[in-house]
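Biologist: I'm new to reading structures, and I'd like a close look at just one part of this one. Could you take me through the nonpolar core and the things around it?

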Amino acid sequence: PKVWIKFNYQATNDAWWAVDDIKVLGVPATDAATVSVDVAGYVGVGDYAVPFTIENMGGNALSSITASYSVNGSAPGSQTFTGLNLNLFGTASLQFTLPALLSAVGPYNFKVFTSLPNGVADDNPANDTASKALMAISHLPVKNVLLEEFTTANCGLCPGGTTYMEAITN
């Protein structure tokens, strides 16, 4: 089909208006992307559920996806997620029911990859993988944060302590 792009430019001077890098997006029929592996930077040793986020990059609604994960290049754990109902550019946060075993203190590299969106071949397998590194530690510390308002007066020259405190806590 023909596509017409119209630009209206009105000015009172003789300046030129430059348009650059226009791209036409061709959406594949079936494409699911692994956006991120949503693991924390530090976790305790033991079983760890692997969360991740996917995005429907295809024109067809995404109802199911097969996802796999590996830890430090080990044999992957795999699971099929159904009942998604994601339209184009819709995202979903998912989590594997089979946890990863982090058996010792040290660094771990998680790799999540997806395949078979709606049970068929992915039209763009280049965006199917995401990775994230984390550190397993023996004891997760408990963090207590003290936030104290120190402003004594509201004036034009004093920092608004209440305003800053609300910005930090929200």
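Modeller: Sure, here is a walk from the whole protein into its core, then to a few residues one by one. Keep in mind that this is a predicted model.

Let's start with the big picture. The protein has one helix and ten strands, and along the sequence the ten strands come before the helix, in the pattern β-β-β-β-β-β-β-β-β-β-α. Of its 170 residues, 31% are buried. Among contacts with a separation of 6 or more, 67% join residues 24 or more positions apart.

Now for the core itself. The largest nonpolar core has 27 residues, and Ile54, Leu102 and Phe110 have the most contacts inside it. Several strands give two or more residues to this core, among them strand 1, strand 4, strand 6 (77-86) and strand 9 (106-115). The top contributor is strand 5, with five residues.

Pick out Leu102 and look at who surrounds it. Leaving aside residues up to four places away in sequence, Leu102 touches Val43, Gly44, Val45, Gly46, Tyr48, Val71, Tyr108, Phe110, Leu134 and Ala136. Phe110, one of those partners, is also among the residues with the most contacts inside the core.

Next, hop over to Phe81, which you'll find in strand 6. Its relative accessible area is 9%, so Phe81 counts as buried, the cut-off being under 20%. Beyond its close sequence neighbours (up to four places away), Phe81 touches residues including Phe52, Ile65, Leu94 and Phe96. Phe96 sits 15 residues from Phe81 in sequence, and their C-alpha atoms are 9.0 Å apart.

Strand 4 (residues 51-56) is worth a stop too, as Thr53 is there. Thr53 is buried because its relative accessible area is 12%, under the 20% cut-off. The side chain of Thr53 makes a polar contact with the side chain of Asp38, at 2.5 Å. Asp38 also appears among the residues that Thr53 touches, along with others including Ala33, Val35, Thr91 and Ser93.

For contrast, let's finish on the outside. Val3, Ile5, Phe7 and Ile22 form a nonpolar patch on the surface, and together they have about 420 Å² of accessible area. Val3 belongs to the segment before strand 1 (32-37). With 67% relative accessibility, Val3 is over the 50% cut-off and so counts as exposed. As for the protein's accessible surface, it comes to about 11,800 Å², and 56% of that belongs to carbon and sulfur atoms.

Key
Residues numbered from 1 in each chain as written. Predicted model: local features only at pLDDT ≥ 70, side-chain atom pairs only at ≥ 80, totals over all residues. Heavy atoms only, no water. Patch = residues over 30% accessible without salt bridge, like charges linked within 9 Å, V, L, I, M, F, W, Y side chains within 5 Å. Areas by Shrake-Rupley, 256 points an atom, 1.4 Å probe, with all protein chains shown as cover. Salt bridge = Lys/Arg side-chain N within 4 Å of Asp/Glu carboxyl O. Helix = DSSP H or I, 4+ residues; strand = E, 2+ residues; numbered from the N terminus. Buried < 20%, exposed > 50% of the residue type's maximum accessible area, 1.4 Å probe, protein only. Polar contact = N/O pair within 3.5 Å; in protein donor to acceptor, adjacent residues only side chain to side chain. Contact = heavy atoms within 4.5 Å. Core = buried A, V, L, I, M, F, W, Y, C linked by side-chain atoms within 4.5 Å.
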